[in-house]
Amino acid sequence: MTDQLPESSPGPVPPGGLRASHDDREAVVERLRDAAAEGRIDLDELDSRLERALTSKTHGELAVLTADLPGPRPRQDEQPLVLKAGLSGVSRGPGRWEVPGHLIARGGLGGVKIDFTRAECRRTEVVVEAYGEMAGVTIVIPEAWAADTGGMDPGIGGLTDRTTPDRLPGTPLIRLTGAGGMAGVVIRHPNRWERRKLDGNPA
């Protein structure tokens, strides 16, 4: 009787190394065609990029093909996800949820927290309109994601950006717009307590 060797399990895969689906490839093909129609790339380059898109196996390979193009425009029929705090506050995440292309958060009197750490995001860019109002808005993004806060009006409460620019290929960029209001807007990566909770429940 021979001893059976235990099956080896693969280690964690970086976001850019995740396998791309048919839908992922089709989304990139559509963006490339739109870019050609807008005159951003010529027909020869379009053919070359389309061929590479259709044979790409990972998100990282696809991200390279659109890295120099503006983000996809929201579909006309796509409505933004609106989070209004009201008196008691509201949150989205940290559990699994699908990220739309556009979110609007209004802090109200109770505050809003948006946690992207467990979110399913198939987009290269996500627009978040955040209005701090009286209680503020807090946005938490994974370590591999990055944020562009240039379109944000800090207002009286201010904007606190504790994110790093170290964005991994194939991961989303959060474009933050809106106004800080009285309480301000915070965008950051998970803190120590949140990171410990994530490490303890990796699923």
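**Exercise 1. Determine how many aromatic pairs the whole structure holds and what they link.**

Solution. The model is predicted; local features require pLDDT of at least 70, side-chain atom pairs count only at pLDDT 80 or more, and totals for chains, interfaces and linings use all residues. Residues are numbered from 1 along each chain as its sequence is written, and side-chain values use heavy atoms, without hydrogens and water.

Step 1. Rings of Phe, Tyr and Trp (its six-membered ring) pair if their centres lie within 6.5 Å; planes under 30 degrees apart are stacked, over 60 edge-to-face, and the rest tilted. The search finds two aromatic pairs.

Step 2. Trp-97 and Phe-116 form a tilted pair, 5.3 Å centre to centre with 35° between the planes. Trp-97 lies in the loop between β2 (90-92) and β3 (102-106) and Phe-116 in that between β4 (112-115) and β5 (125-131), so the pair ties together parts 19 residues apart in sequence; strands are DSSP runs of E, at least two residues, and helices runs of H or I, at least four, numbered from the N terminus.

Step 3. Phe-116 and Trp-145 form a tilted pair at 5.6 Å and 45°. Ring pairs thus link Trp-97, Phe-116 and Trp-145 into a cluster.

**Exercise 2. Establish which residues of α2 are buried and where they lie.**

Solution. Step 1. Buried means under 20% relative accessible area, exposed over 50%, and partly exposed in between (1.4 Å probe, protein chains only). Leu-46, Arg-49, Leu-50 and Ala-53 are the buried residues of α2.

Step 2. They cover an arc (of directions from the helix axis to the C-beta atoms) of only 105°, which places them on the same side of α2.

Step 3. Asp-44, Glu-51 and Thr-55 are exposed on the other side of α2.
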